[in-house]
Amino acid sequence: MKTIIVVGNGMVGYKFCEKLVANEESKAFKIIVFGEEPRPAYDRVHLSEFFANQDAKALEMAPVEWYIENNIELIISERITDIQRANKKISTVKNREFSYDYLVLATGSSAFVPPIKGVEKEGVFVYRTIEDLEGMLAYAAKLKDKNPNARAAVLGGGLLGLEAGKAVMDMGLEPHIVEFAPKLMPRQLDSRSSQVLQLKLESIGLNIHLSKATNQILGEHAITGMEFGEDDVLDVEMLVISAGIRPRDELGKSCDLEMGVRGGIVVDNKMQTSDENIYAIGEVALYNQMIYGLVAPGYEMANVAVAQILGKQETLMAAEIDMSTKLKLIGVDVASFGEPFMPAAKGHSVIFENKTQHLYKRINVSLDGKKLLGGILVGDASDYNMLHQVYLNSMPIPEDPSQLILPASEGGAFGSAMDLPDNAVVCSCENVTKGQICCSVSDDGNETLKDVAQATKASTSCGGCKPMVDDLVKETLKSLGKVVKERICEHFDYSRQELYDIVKMKEIKDFDLLLDTHGTGNGCETCKPLAASLFASIFNETANKQETIQDSNDRYLANIQRNGTYSVVPRVAGGEISPKQLIAMGRIGNKYDLYTKITGGQRIVMFGAQLHELPLIWEELIAEGFETGQAYGKSLRTVKSCVGSTWCRYGLDESVSFAIEIENRYKGIRSPHKFKGGVSGCIRECAEARGKDFGFIAVEGGWNIYIGGNGGANPKHAVLLAEKVDKETAIKYADRYLMFYIRTAQPLMRTAAWLDKLEGGIDYVKDVVINDCLGIVKQLDEEMQFMVDTYKCEWTEAVENPEIRARYTHFVNSDEEDKNIEFVNLREQKMPTPWA
Amino acid sequence: MLDTLLKDYSTVQLESVTVWFKAAEISKFPKNGGACVKYKEKQIAVFNFSRQDKWYACQNLSPEKKEMVLSRGMIGDDNGIPKIACPLHKKTFSLETGENLNGDLDPIAIYPVKIEDNFVYIGFSE
Ligand SMILES: Cc1cc2nc3c(=O)[nH]c(=O)nc-3n(C[C@H](O)[C@H](O)[C@H](O)COP(=O)(O)OP(=O)(O)OC[C@H]3O[C@@H](n4cnc5c(N)ncnc54)[C@H](O)[C@@H]3O)c2cc1C
Ligand code: SF4
Ligand code: SF4
Ligand code: FES
């Protein structure tokens, strides 16, 4: 039996073992692995997570049992000190000797510590192993005990340095980044993107010092500062050095393997060193005169070395290695791929920059405009996966390449991940192609991201490819005609429609009971308001009854505004308001010093009321004959109208009267999202009824009904449901359509999106509402009539009930007002102080 | 400015409580909901997690927008961790550690709560 010895049990050494034992042929070998660290291989890429939970086990690549199960002899805490190539033996620090047939060097690298005077002082750390982190944590705790405002610096503003910066910040120290180059992340970013990144990082509290060469570390025993020039000193009590890596190639040197000029063990495209029985992989290997400090190339090297040792000679390392990286950094997206810089002679760059949003995007395109050569994304890297694929697969790009990075028009510029070729590598860490992912769903029957990840390993390393893998899984399921279940949240394993049916059938009216009988846990901000909306849509329960499951706006029957104050909006049905009512509103607004404005829905809003003022204001409004306008609810807002035949010389019918009637009919009805209506007196459409969820337009011979329109961010014209019907029929169809929408829509889905997603679209709605193809119109009619008959003004209920009224105080233990609310003056009205 | 208020709030561990402030009667706090308590110049959001028969307290200040609103937010749990969702933009925070569960905002300050003779007490270290 031949023996393979692996030196180094890091990420790549582990991956070598994993790939090796996945092959049947490996059974013919005895496998021994040495690791110098006191624990089996762990995920160094996610090392920073150790700060959050200090759970080293959670980072393990595989538990010790895995090695045993796979017949791998794992020897940890024992460093290899020597290789005797002549008789194929190695020796360890404990002076033990072992013979090998094949030797795999996966010794990785160590942090490079520049020879600065004083680096040996206490309080200076590197950032590479779990032990380093434990040391930092203990030291930081000690510092903070003495000085809660202690400062720490990180030497190096590269990817790793910034990660370390965030780590010291999380430890509660004041973070400073010191970089030698004139910009951050000099290897990945151009100057402009670097500046954008710097602005963003400074805004979250990192202090950045560029173009600083450190002369010496100050302090007696422990560090007290860093000196850059004569009068240029930064006082810090801790320092993390992150100035690059050095391959741990000492074994190669001492046994005379061919070495790179600046270190690293030279390998060819088989991962063989100058000794054919010795392989080198990972961060110790010098391939194409380069050390690759990323896991993905390391894993690929492991794959090649396994294949070569098992005799599969055709598997070779690719000539070009993709160094694209996307790191999620302190809530800042940063990605760079392909050729990020590119000289002007090779192609053109398209750059989009918006410093106010900390956003920078650059792509480099070949001179003929046909190929994507590389790029940089800072601030928003959501397009990274797609752009990276376009680059890797040399896919065609739009004639105007700016479409690739400009804020996406609908659907984005490149369609779906399903358009990728089957051999496109979607997960570069684990080398999994689009084809493998789709097959795992269609042929092997895996139906969730989790199952597919387990089966293919895609997305299990850096996780950067997860959104794309998720898309592929969902799209493949869809193409197989399987429904992707829309689960409300972790507490309810149902879709909204399923829960609707449960609540209705079983007449469950209480959230706790619903959770006890059909859910788990304690609920959350997703399922609570959803259940509240169901109770309202089915039983017409007002938001006052179960107030703590309501969205904050519903709970206080008012819209919370920027500074924690509220707005007041009484209903003005159809936009018709008498001078007397106007005077009343004016008087009340004046009395409580409210900012007033006309809304887009033809009514009046008063801003700036404090919580305790709300019942007082409403009491007065109600006395003047007003009622709640429900501007706070996911419910009917307004029905906008033109003046119609009452005043307008073109009008064909009385649009105002119709709008008032319909607004009063639907007021108070809660639905998956807010909804609005409009009524125009003729096709000139002055009320913009086709921009609403439902709209009526008077035509020669009756009313036309339009549904599914929308203004807002995605404007959509409503489509025709029925033509030239009389008013009663128009109302009936609208009733049924709205009830059908309320029953079947997903949470927070407006009618336009609902109609868009509904199988069969408008024709199906016609079939249900007009032709009764489901046999439910009688039910729909009854449900709507029930809502209309049981309407209550929530504000009247609230001011009349002392218990509900008592909710409107800022403090439970004091009648004081919230003193922190500040206003400034603008155009003779008050405004909240702007957000910083 | 309110920004400067943030530093007024820092987590108090049970061991370091020196003052138990008598806030209000239990009945003043809605079931499975919160209310705001004034202690000196501080505003503390107190939550009656009645489903679990537990009480939690945290700063009332939203760390994102620096408004005094957390007590008006909705409580719930995230995989068993009790949490509060800010009513402004639904940022959620653990009521046990203060950690921001759906983003990377700074943690909020948490205070110990005890119940005695139908009264809610909040623990402070000053
Ligand atoms: C904080 C941090 C964040 C990172 N983030 C990313 C990232 O986001 N993306 C990315 O692609 N890469 C990232 N990296 C880099 C990535 O972790 C490395 O590329 C990868 O770990 C290299 O694996 P390796 O097995 O070659 O080396 P290592 O993981 O260093 O493993 C080498 C092992 O060999 C042991 N060893 C050395 N000499 C001997 C000897 N003589 N005898 C016995 N054992 C020995 C060492 O103790 C070590 O355990 C990050 C690194 C760090 C430190
Ligand atoms: S829509 Fe027709 S009826 Fe209404 S105001 Fe305009 S022109 Fe007049
Ligand atoms: S358009 Fe935007 S800013 Fe204006 S009211 Fe609507 S949500 Fe607010
Ligand atoms: S690309 Fe890193 S896990 Fe898929």
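A residue counts as buried here when its relative accessible area is under 20%. With that in hand, welcome to this predicted model, where two places deserve a look: helix H1 of chain A, which is mostly covered, and the interface where 41 residues of chain A are in contact with 46 residues of chain B.

**Helix H1 of chain A**

- H1(A) spans residues 11-21, and nine of its eleven residues are buried.
- The buried set consists of A:Met11, A:Val12, A:Gly13, A:Tyr14, A:Lys15, A:Phe16, A:Cys17, A:Glu18 and A:Leu20.
- Among the elements of chain A that cover these buried residues are the strands S1 (2-7), S2 (29-34), S3 (72-75) and S7 (102-105).
- Helices H3 (64-69) and H8 (295-309) of chain A also belong to that cover.

**How chains A and B meet**

- Together the two chains bury about 3400 Å² between them, with 47% of it on carbon and sulfur atoms.
- Four salt bridges are counted between chain A and chain B.
- A salt bridge joins the side chains of B:Arg51 and A:Asp512, at 2.8 Å from N to O.
- Polar contacts across this interface come to 20 residue pairs, with both residues at pLDDT 80 or more.

**Chain A's side of the interface**

- Helices H14 (511-518), H15 (527-539) and H16 (552-555) of chain A are the elements that give two or more residues to the side touching chain B.
- H14(A) supplies the largest share of that side, three residues.
- By residue type, the side of chain A that touches chain B divides into 13 nonpolar, 15 polar and 13 charged residues.

Notes
Residues numbered from 1 in each chain as written. Chains lettered and ligands numbered in written order. Predicted model: local features only at pLDDT ≥ 70, side-chain atom pairs only at ≥ 80, totals over all residues. Heavy atoms only, no water. Buried < 20%, exposed > 50% of the residue type's maximum accessible area, 1.4 Å probe, protein only. Helix = DSSP H or I, 4+ residues; strand = E, 2+ residues; numbered from the N terminus. Contact = heavy atoms within 4.5 Å. Buried area = accessible area lost by both parts, 1.4 Å probe. Polar contact = N/O pair within 3.5 Å; in protein donor to acceptor, adjacent residues only side chain to side chain. Nonpolar A, V, L, I, M, F, W, Y, C, P; charged D, E, K, R; others polar.
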